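Grab a pen and work through these short exercises with the model open beside you. Each task comes with a solution to check your own answer against.

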Amino acid sequence: MKVQMLGLCRFSYLGLRGFQVDHDSIDARRAYLYDPDRLARRWLWFTQVALPGWLAQTDPDFTLVVMTGPDLPEPYLGRLQGLAARIPQLRLELVPPMERHLPAC
């Protein structure tokens, strides 16, 4: 019997609800999520802490979905696309902002 393992990682996903920090507008939330210092810090944690474990995963039935928005600023969108092209178990999903978190996922 095969069991598929599916992981989900939100990488600065710009949704409309369900965040710990409230913002007055979608533009304010975008500015917060896409702040260059914040993105650099998130990228560091993603690549130095989370990614090594995922790269060590050799089970072909394991898939990690990295969810972000189509307007994630460069260089981060390009970096995620590059990782997805090189890592067979990583799938990048560009999800436009949605009102509810569950349907987005």
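**Exercise 1.** Which side chain meets that of Arg 30 in a salt bridge at 2.8 Å, N to O?

*Solution.* Start with the ground rules. This is a predicted model, where local features need pLDDT of at least 70, side-chain atom pairs count only at pLDDT 80 or more, and totals for chains, interfaces and linings use all residues. Residues are numbered from 1 along each chain as its sequence is written, and side-chain values use heavy atoms, with hydrogens and water left out.

Next, the cut-off: a salt bridge puts a side-chain nitrogen of Lys or Arg within 4 Å of a carboxyl oxygen of Asp or Glu. The partner that fits is Asp 71. Arg 30 sits in helix α1 and Asp 71 in the loop between β2 and α3, so this pair ties together parts 41 residues apart in sequence. (Helices are DSSP runs of H or I, at least four residues, and strands are runs of E, at least two, numbered from the N terminus.)

**Exercise 2.** Find what else belongs to the salt-bridge network of Arg 30 and Asp 71.

*Solution.* Asp 27 completes the network. Its closest contact with Arg 30, N to O, is 3.0 Å. Both residues lie in helix α1 (residues 26-33), three residues apart, so about one helical turn separates them.

**Exercise 3.** Sort the three by exposure.

*Solution.* Use relative accessible area: buried is under 20%, exposed over 50%, partly exposed in between (1.4 Å probe, protein chains only). Asp 27 is exposed at 53%. Arg 30, at 27%, is partly exposed, and Asp 71 is partly exposed at 31%.
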